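This report looks at the surroundings of a ligand and then at one residue of the protein.

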Amino acid sequence: MKTYIVGNWKLNFTVGEASIYLHKLLKNLPNYRDVEAVVAPPLIALQPLSLQVDRHKLKLAAQNGFYRDYGAFTGETSYTQMRGMADYAIIGHSERRYIFREDDKMVAKKVAAAIRNRITPILCIGETESERAFGETADVIRDQLIGGLSEVSDDDLDKVIIAYEPVWAISSVKAAKLATPDEVAEVVKLIRKVLKETYGAEFAESVPVLFGGSVNPSNAGAYLTVPGVNGLLMGGSSLILKEFLDIMETAKRVRS
Ligand code: PGA
């Protein structure tokens, strides 16, 4: 299985800045076999960057998209419109869930829409600090997993990536703490257990599961060696060229 290193630029960079950053990234990024580098630019930069990117080295992801393909949905952009531009789509990110009130039903429709448009969904799940404190982590993970995958047919399950991002460990959250590798291992094990019970062993073992939450060059190696983790989803570190390149290098080292 590949290792996935995914950078989520969130609401950072103008189109011009994104293009300059991409240029530098492509210049410095080796073509690693087995390590898939992906960045999610702001949506407004996706189209120009899709013409600039070298897809042998780097893939592009959508940060968001709407679940209907066309219609009277003022202000929305569909995965149909991003077809051929985005290879992946981040869906169910905690910032979408908690700031923009996206629930599991909407997440499920977006996952299905991405697949329908040949874009690989990266389904993000994770508990908040209070859910963890109240012992609800397992229920939240189960609900978000089963809810988020509810519109995916059995034949399409192999097109899905899962990302575990404990909300309390994401750097934009003020009370950020780091998740320990043991905490990550426990939840990743739970994710695969829920998937096995619901969809069978084959999917549970083969689906890539990424970790995200304040990943940086000094902790990336530890997270990448957690059993069952197949890659990283990062925000802050993906905005700093050297950090993204360092983490790619770590991913290559951990694999070999
Ligand atoms: P962070 O963001 O790496 O800045 O914590 C992770 C994410 O939100 O995906």
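## The pocket and its shell

In this predicted model, the space that the ligand takes up is the second largest pocket. The shell around the ligand is made up of Lys10, His93, Glu165, Ile170, Ser171, Gly213, Ser214, Leu233, Met234, Gly235 and Gly236. Sorted by residue class, the shell holds 3 nonpolar, 6 polar and 2 charged residues.

## Polar contacts and burial of the ligand

Which residues place a polar atom 2.7 Å, 2.8 Å or 2.9 Å from an oxygen atom of the ligand? At 2.7 Å, the atom belongs to the side chain of Lys10, whereas at 2.8 Å a polar backbone atom of Gly235 faces a ligand oxygen, and at 2.9 Å a polar backbone atom of Gly236 lies opposite an oxygen atom of the ligand. Taken alone, the ligand would expose 280 Å², and of that area the protein buries 98%.

## Ser50 in helix 2

Is Ser50 buried or exposed, given its relative accessibility of 12%? Ser50 counts as buried because its relative accessibility of 12% falls under the cut-off of 20%.

As for its setting, Ser50 belongs to helix 2, which covers residues 43-52, and the side chain of Ser50 reaches the backbone oxygen of Gln47 at a distance of 2.7 Å.

Note on methods
Residues numbered from 1 in each chain as written. Predicted model: local features only at pLDDT ≥ 70, side-chain atom pairs only at ≥ 80, totals over all residues. Heavy atoms only, no water. Near = heavy atom within 4 Å. Polar contact = N/O pair within 3.5 Å; in protein donor to acceptor, adjacent residues only side chain to side chain. Areas by Shrake-Rupley, 256 points an atom, 1.4 Å probe, with all protein chains shown as cover. 1 Å grid on protein atoms, 1.4 Å probe; cavity = no way out; pocket = protein on both sides within 12 Å on 5 of 7 lines; lining within 4 Å. Sits in = over half its atoms within 2 Å of the grid points. Nonpolar A, V, L, I, M, F, W, Y, C, P; charged D, E, K, R; others polar. Helix = DSSP H or I, 4+ residues; strand = E, 2+ residues; numbered from the N terminus. Buried < 20%, exposed > 50% of the residue type's maximum accessible area, 1.4 Å probe, protein only.
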